[in-house]
Amino acid sequence: MLRIAVPNKGSLSGPAADMLHEAGYQQRRESKELRIVDPENEVEFFYLRPRDIAIYVSSGRLDIGITGRDLLIDSGANAEEILPLGFARSTFRFASKPGTADGIDDLAGKTVATSYEGIVAKHLADSGVDASVVHLDGAVETAIELGVAEVIADVVETGTSLRNAGLEVFGEPIMKSEAIVVRRTGADAEEPKVQQFLRRLQGVLVARTYVMMDYDCRVEQLEKAVALTPGLESPTVSPLHNEGWVAVRAMVPAKEAQRIMDDLYAIGARAILTTAIHACRL
Ligand SMILES: Nc1ncnc2c1ncn2[C@@H]1O[C@H](COP(=O)(O)OP(=O)(O)OP(=O)(O)O)[C@@H](O)[C@H]1O
Ligand SMILES: O=P(O)(O)OC[C@H]1O[C@H](OP(=O)(O)OP(=O)(O)O)[C@H](O)[C@@H]1O
Ligand SMILES: [Mg+2]
């Protein structure tokens, strides 16, 4: 049975459970459940603190986990990213009172408050900057107002928390993060159960980002039309009963669907339809 760690709280937990559900796995019904077995899929899910997940996975007791890239790096655990999942996107940034810092060199001799001490200490060391780091559990924006630090380093999603605290980001982003699947470093990547799990999640990602497009066009326009809708491998082209016409079917990125429909129409394609993809295996 595959043993999988899933975030039990915070920004990662809802979207992770939704994705697993879409991939056909049972999920817990109630937020106090700590583990559930999905016997049909031969998977056991453990609901753990997002920060702890890479550590459990690196111990080898759990096969796979869903966590944030920033949390993996911060933990320093012996685990590696094997699939990005496209949700819980954020950047990790330095911030301070406006006009007090411009770049990382301005941190020398200052104190940085953060909940991600591992990331910050490594980044300062890699940049050769000598600054102190104070670890706080959360709400780090307040640390500057209360004089605990001159600078903070924190997750930024919309920037609202920083604005509300009268702070501004400075310097380059320390890192970009999103939800990821992690495994113990060097674990057998070809393990069939792990591969099947990853294929299911990849299927959800594809179903979320692509739509199926169908249209009819004149044979003379086919090459131009196919250039607009190349599909993932190659589009399906079928003859129509009306001579000189073909029907074309191809997957297209959902974000570009409306523009592609306009372009197809402009070259004479008609009966252009898009439909959602519910599940897929590439
Ligand atoms: N607005 C956000 N706030 C915090 N974390 C976010 C946000 N958007 C994305 N994330 C990502 O979610 C993960 C942090 O989740 P975690 O559960 O540890 O913190 P949280 O969502 O702030 O929850 P908590 O209420 O327990 O502090 C990180 O990978 C982080 O990059
Ligand atoms: O850029 P934003 O969209 O404002 O999101 C980022 C903020 O959200 C998180 O805080 P959270 O509310 O989880 O509180 P915490 O600091 O106590 O974890 C994070 O620590 C930032 O403060
Ligand atoms: Mg938080």
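**Terms and values in this model**

Modeller: Let me start with residues 207-278, whose end C-alpha atoms lie 6 Å apart and whose span is 28% helix and 40% strand, where helices (H or I, at least four residues) and strands (E, at least two) are DSSP runs, numbered from the N terminus. This is a predicted model, in which local features need pLDDT of at least 70 and side-chain atom pairs count only at pLDDT 80 or more, while totals for chains, interfaces and linings use all residues. Residues are numbered from 1 along each chain as its sequence is written, and chains are lettered from A and ligands numbered from 1 in the order in which they are written.

Colleague: Which UniProt annotation covers residues 207-278?

Modeller: The unreviewed UniProt entry gives "domain: Histidine biosynthesis HisG C-terminal" for that span, and it also places "domain: ATP phosphoribosyltransferase catalytic" at residues 49-203. Such positions are given in the numbering used here, feature names are shortened, and annotations may be inferred rather than shown by experiment. Residues 49-203 have end C-alpha atoms 26 Å apart, and the span is 29% helix and 31% strand.

Colleague: What makes S13 and S15 edge strands of their sheet?

Modeller: The sheet is an open one of 4 strands in the order S13-S14-S12-S15, with antiparallel pairing, and two strands pair if DSSP finds at least two bridges between them. Strand S13 (236-239) and strand S15 (270-276) each have a single partner strand, so one side of each is left without a neighbour in the sheet. Neighbouring strands here are turned by 20° against each other on average, direction ignored, with axes taken as lines fitted to C-alpha atoms (for helices over the stretch in contact) and angles running from 0 to 180 degrees between N-to-C directions.

Colleague: How many bridges join S13 to strand S14?

Modeller: There are 4 bridges between S13 and strand S14 (residues 245-253), which run antiparallel; set against the requirement of at least two, these strands therefore count as paired. Proline 239 stands opposite valine 246 in S14.

Colleague: Why is strand S11 called largely enclosed by the rest of the structure?

Modeller: A residue is buried if 20 or more other C-beta atoms lie within 10 Å of its own, exposed if 12 or fewer, and partly exposed in between, with C-beta atoms placed from the backbone. In strand S11 (residues 179-184), 6 of the 6 residues are buried, so the strand is largely enclosed. Antiparallel bridges link S11 to strand S4 (residues 64-68), 4 in number, and to strand S5 (residues 79-84), 5 in number. Glycine 65 stands opposite valine 182 in S11, whereas the partner of alanine 79 there is arginine 184.

Colleague: Why does glutamate 42 count as exposed?

Modeller: Glutamate 42 has 11 C-beta neighbours inside 10 Å, so it falls in the exposed class. Glutamate 42 lies in the loop between strand S2 (35-38) and strand S3 (43-48), and it has a positive phi of about 55° although it is not a glycine.

Colleague: Why does alanine 139 count as exposed?

Modeller: Alanine 139 has 12 C-beta neighbours inside 10 Å, and because the exposed class takes 12 or fewer, that value is still within it. Alanine 139, too, is not a glycine yet has a positive phi, of about 45°, and it is found in the loop between strand S8 (132-135) and helix H5 (142-145).

Colleague: Which elements each supply at least two residues of the shell around ligand 2?

Modeller: Strand S9 (151-156) and helix H6 (160-164) do, and S9 gives the most, with 3 residues. A residue belongs to such a shell if its C-beta atom, placed from the backbone, lies within 6 Å of the molecule; the residues around ligand 2 include Ala139, Glu141 and Asp154. The shell divides into 3 nonpolar, 5 polar and 3 charged residues, where Ala, Val, Leu, Ile, Met, Phe, Trp, Tyr, Cys and Pro count as nonpolar, Asp, Glu, Lys and Arg as charged, and the others, Gly among them, as polar.

Colleague: How do you know that ligand 1 lies between domain 1 and domain 2?

Modeller: Domain 1 (2-87 + 178-189) and domain 2 (90-176) both give residues to its shell, so ligand 1 lies between them; the bounds come from an automatic or database domain assignment. Of the 15 residues around ligand 1, Gly10, Ser11, Gly68, Ser90 and Glu157 come nearest. Helix H1 (10-22) and helix H3 (69-75) are the elements giving two or more residues, and H1 gives the most, with 3.
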